[in-house]
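Work through the exercises below with the sequence and the model open. Each task is followed by a solution in steps.

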Amino acid sequence: MTAVLQTRGLCKRFGALTVADNIDFTLEAGARHALIGPNGAGKTTFVNLLTGRLSPSAGTVVLGGEDVTRLSQQERIRRGLGRTFQINSLFRGLSVVDNVSLAVAERRGVSGRLFRPASQLSEVRDEAMELLRSLGMADDAQVVIANLAYGKQRLVEIAITLAMKPRVLLLDEPAAGVPSLETHRILDVLDALPAEIGILIIEHDMDLVFRFAKRITILVNGATLLEGTPEEIAADPRVREVYLGERHE
Amino acid sequence: MRHNGSYSASPRIGLLEWLPWAIGVAAFFLMPEYLSLGARILIFILYALSLDLVVGYAGIVTLGHSAFFGLGAYAAGILSARFGVADPALQLLVAMTACALMGLATGAVILRTRGLTLLMLTLAIASILLEVANKATSITGGADGLSGIVVAPILGLFRFDLFGKTAYWLCLAVLFVGWWVTRRLIYSPFGASLVGIRENHVRMVAIGSPVPRRLLTAYTISAVLAGVAGALLTQTNQFVGLNVLSFESSGELLVMLILGGVGRIYGAFIGPVVYMIAQDMLAKQFPEYWSLGIGLLLVIIVLFARDGILGIIDRLVALTRKEAR
Ligand SMILES: Nc1ncnc2c1ncn2[C@@H]1O[C@H](COP(=O)(O)OP(=O)(O)O)[C@@H](O)[C@H]1O
Ligand SMILES: [Mg+2]
């Protein structure tokens, strides 16, 4: 197994508050890895450190064997790092297919063209439609995001990121806010993702985590408490304490 | 009638989009006594169009667009009055170059900021320029304005006449080119990414878009368009006053654009037409009520018709369609 994404001694402090505390983490190629932990544990912050949206107070981020700690978000994206947002971050005034097309165009490197009409680049729209079809969303392609059901908005959130064809995918609570009856659709989509993509998923829905992940890391107060297979995690008494809100002595 | 650049929007020019040009040509023959007002309206349409590109499409809020309008006006004027260059094409070219450089230089610095900070910075730049123009009297004429501007006949054929016929055609032709270029841009992939930035700045960065560069490009192009409008004003009036750089000029422009409708291309057409005709009719007759009226109008628009006159028309059309069914 080779590591596609790795952190060494990653720290992030907001003033006196330490939100990432010396995190050593490894994501293997093609991984199905879950990061869980109570609210405020620092999971979203960790994702932001990985993508470069935040810069760490100390430590390094290694992507595909290369130290990317000093690289911008854009440079990390070009190296195959994609992420979704815990809170929908969509182009609300645009249709579903236009949302996805923007990401397709960026990846294809055609988004800066000044004069040719965008609609003449039919390959961009075709690819966006193809992706939506594979996610079972073809019927909603023309719907403007603001008029789309919340659960479907979560799928668009994923679709935009998939359009970037990432090698490493960071999913920040993809099922957050989705009624439990609909989470199976999200899970179906996740299950169908190409096996070679390394996936790190943050999720509160334990059913989803245990069905999807082959490996689980638990983050508490910005530090990794435990890592192991779902069986190991389920059997560990400390997990229960964390999730019952008790402090571990 | 929304014109949003996207990968699914057809760029074909609709029949209705030719209407402004038909009106522009017809007005020349039907209202010969209003040609100077007409030329000023055409100039302000171009100016408003340049503002729509940054405010309506790229989502850059600016109150300092008069910096570019004024710079263009002064560049053309100074070139003629101080350097004796009377060729109108050359005057336009120099105004465009000056504004491109200015747009690049200031944009590179201020576009790193957003929201209120950006707003204040655009205002500051326009204020600095106004102060420079005010103090450098030997070049700009200061508060007295810049006169002695000569504009040679266009292409050596059409001289600027007393009735403003040539000026009107020049303004209409240049506006047409400006409209065509802007429309092309809006329907291009670049235009689509501007809309993306306006809709969600954070996500555009997250999908790998070079957002700062895109904004700088839009800002610079807009600066050039505003500069052209300024230079046209100089050529039409053969005079430049400090008011081209004033904050009131930027504010008035923003009012016109909001009145017409932001981010729709043709809001920049309707706004100046309605505003300037109303101003021409009412401001002279009721000078004491003009500002009050504009203020009230703005309140009404912001409260009840966020998307301006074109937005109201859109809703009326949708309503009649529903009833027809
Ligand atoms: N930009 C910030 N400035 C200050 N504190 C922050 C910032 N972002 C997050 N935090 C704090 O860091 C902690 C971890 O937040 P977060 O990473 O969102 O947790 P999680 O995603 O695990 O719920 C919280 O206490 C939060 O208030
Ligand atoms: Mg979070």
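The exercises cover a ligand shell and aromatic pairs in a predicted model.

**Exercise 1.** Describe the shell around ligand 1 and its polar contacts.

Solution.
- Step 1: List the shell. Among its residues are Phe14(A), Leu17(A), Val19(A), Asn39(A) and Lys43(A).
- Step 2: Sort the shell by type. Four residues are nonpolar, five polar and one charged.
- Step 3: Assign elements. β2 (17-28) and α1 (43-51) of chain A each supply at least two shell residues, and α1(A) gives the most, with three.
- Step 4: Find the polar contacts, taking N or O pairs within 3.5 Å. Oxygen atoms of ligand 1 lie 2.8 Å from a backbone N or O atom of Gly40(A), 3.2 Å from one of Ala41(A), and 2.8 Å from a side-chain N or O atom of Thr44(A).
- Step 5: Check the cover. Of the 570 Å² of accessible area that ligand 1 has on its own, the protein covers 58%.

**Exercise 2.** Classify the ring pairs Tyr47(B)–Phe69(B) and Phe68(B)–Tyr219(B).

Solution.
- Step 1: Count the pairs. The whole structure holds 18 aromatic pairs over all chains.
- Step 2: For Tyr47(B) and Phe69(B), the centres are 3.9 Å apart and the planes at 5 degrees, so the pair is stacked.
- Step 3: Tyr47(B) belongs to α2 and Phe69(B) to α3 of chain B, so the pair ties together parts 22 residues apart in sequence.
- Step 4: For Phe68(B) and Tyr219(B), the centres are 5.5 Å apart and the planes at 80 degrees, so the pair is edge-to-face.
- Step 5: Phe68(B) lies in α3 and Tyr219(B) in α10 of chain B, so this pair ties together parts 151 residues apart in sequence. Both residues are buried.

Conventions:
Residues numbered from 1 in each chain as written. Chains lettered and ligands numbered in written order. Predicted model: local features only at pLDDT ≥ 70, side-chain atom pairs only at ≥ 80, totals over all residues. Heavy atoms only, no water. Near = heavy atom within 4 Å. Polar contact = N/O pair within 3.5 Å; in protein donor to acceptor, adjacent residues only side chain to side chain. Areas by Shrake-Rupley, 256 points an atom, 1.4 Å probe, with all protein chains shown as cover. Helix = DSSP H or I, 4+ residues; strand = E, 2+ residues; numbered from the N terminus. Nonpolar A, V, L, I, M, F, W, Y, C, P; charged D, E, K, R; others polar. Phe/Tyr/Trp six-rings, centres within 6.5 Å; stacked < 30°, edge-to-face > 60°. Buried < 20%, exposed > 50% of the residue type's maximum accessible area, 1.4 Å probe, protein only.
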